[in-house]
Amino acid sequence: MSIDLVKQNKSFGGYTKYFKHRSSVTKTDMNFSVFLPKEKVENCIIWLSGLTCTEENFITKAGAQKYLSHSNTMIVCPDTSPRGLDLPNEHDSYDFGSGAGFYLNATTKGYSDHYKMYDYITKELVALLRDEFQIKNFSITGHSMGGHGALILGLKERDLFTCVSAFSPIVNPMKCGWGKKAFEGYLGNNEETWKDYDATALILDGQVRGDEILIDQGLSDEFLEEQLLIKNLEEACAKANQKLKVCYREGYDHSYFYISTFIEEHINFHLNSFSK
């Protein structure tokens, strides 16, 4: 598999780079960004971004480079959906279609041919990173829709990811407006199939990790009560004996100002998982 370097900028002794490649999974061109520290890398944190984001949001706003600059760990930020298509309703709203892939494998007409973000991350991107950068270990994290993605991938691919964390994740998409709209559009009306991509449902079904999941949540987040539903995940983890740490942050919202404030704690959480 070949990848093309689009641009790069030196930062903290390493390089922030942007790549594109042809994906055999989505059948489109896909973009991702990375920070490569000056040290030889062995580990990779995968960051999954939220609704409307691209491969650029996290890498330019979160300030993660500083905290990885003296490590042997890179971070990669894939785009949030395939691009360059014109599927039914794909570009009509911010919370479905373009920029809103929800990190699942779609089964509905048209979308099933391209919207396979679950396989793109766990199979194609991981294989690409192993080949191009000789990565040995992976962990996963993300924000909002990407936090949802990190949780479901971290729960279902326990042998692949050394740890999982999330900022302001959508933890019970079957029960919120964002999730219901996306799941119906990508997966159809059979709600039993939705459970495969709902972290709360997965945990209640016994798909738990042996380590602790870390979640960060701002208490002034405008989406907390109606879309994120963190309490549902806490209750499920208590029932299933899944270790969970939720850091509630007074006064913080859903923005990258919030993420950049606490990203160091999450990076250290991931770095520690690689050393175990």
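Here is a short conversation about a predicted protein model and one of its residues, Ser168.

Reader: How do you know what to count in this model?
Author: Because the model is predicted, local features need pLDDT of at least 70 and side-chain atom pairs count only at pLDDT 80 or more, while totals for chains, interfaces and linings use all residues. Residues are numbered from 1 along each chain as its sequence is written, and side-chain values use heavy atoms, with hydrogens and water left out.

Reader: What makes up the fold of the protein chain?
Author: The chain holds ten helices and nine strands; these are DSSP runs, with helices (H or I) of at least four residues and strands (E) of at least two, numbered from the N terminus.

Reader: Why is the protein chain called as compact as a globular protein of that length?
Author: Its radius of gyration, taken over C-alpha atoms, is 17 Å. The globule rule (2.2 Å times the number of residues to the power 0.38) gives 19 Å for 276 residues, and 17 Å is close to that, so the description fits.

Reader: Where is Ser168?
Author: Ser168 sits in the loop between strand 7 (161-167) and helix 5 (177-187).

Reader: Why is Ser168 called buried?
Author: Buried means under 20% relative accessible area (exposed is over 50%, partly exposed in between; 1.4 Å probe, protein chains only). Ser168 has 0% relative accessibility, so it counts as buried.

Reader: Which residues does Ser168 contact, leaving aside its neighbours within four places in sequence?
Author: Contact means heavy atoms within 4.5 Å. Among the partners of Ser168 are His143, Asp216, Asp221 and His254.
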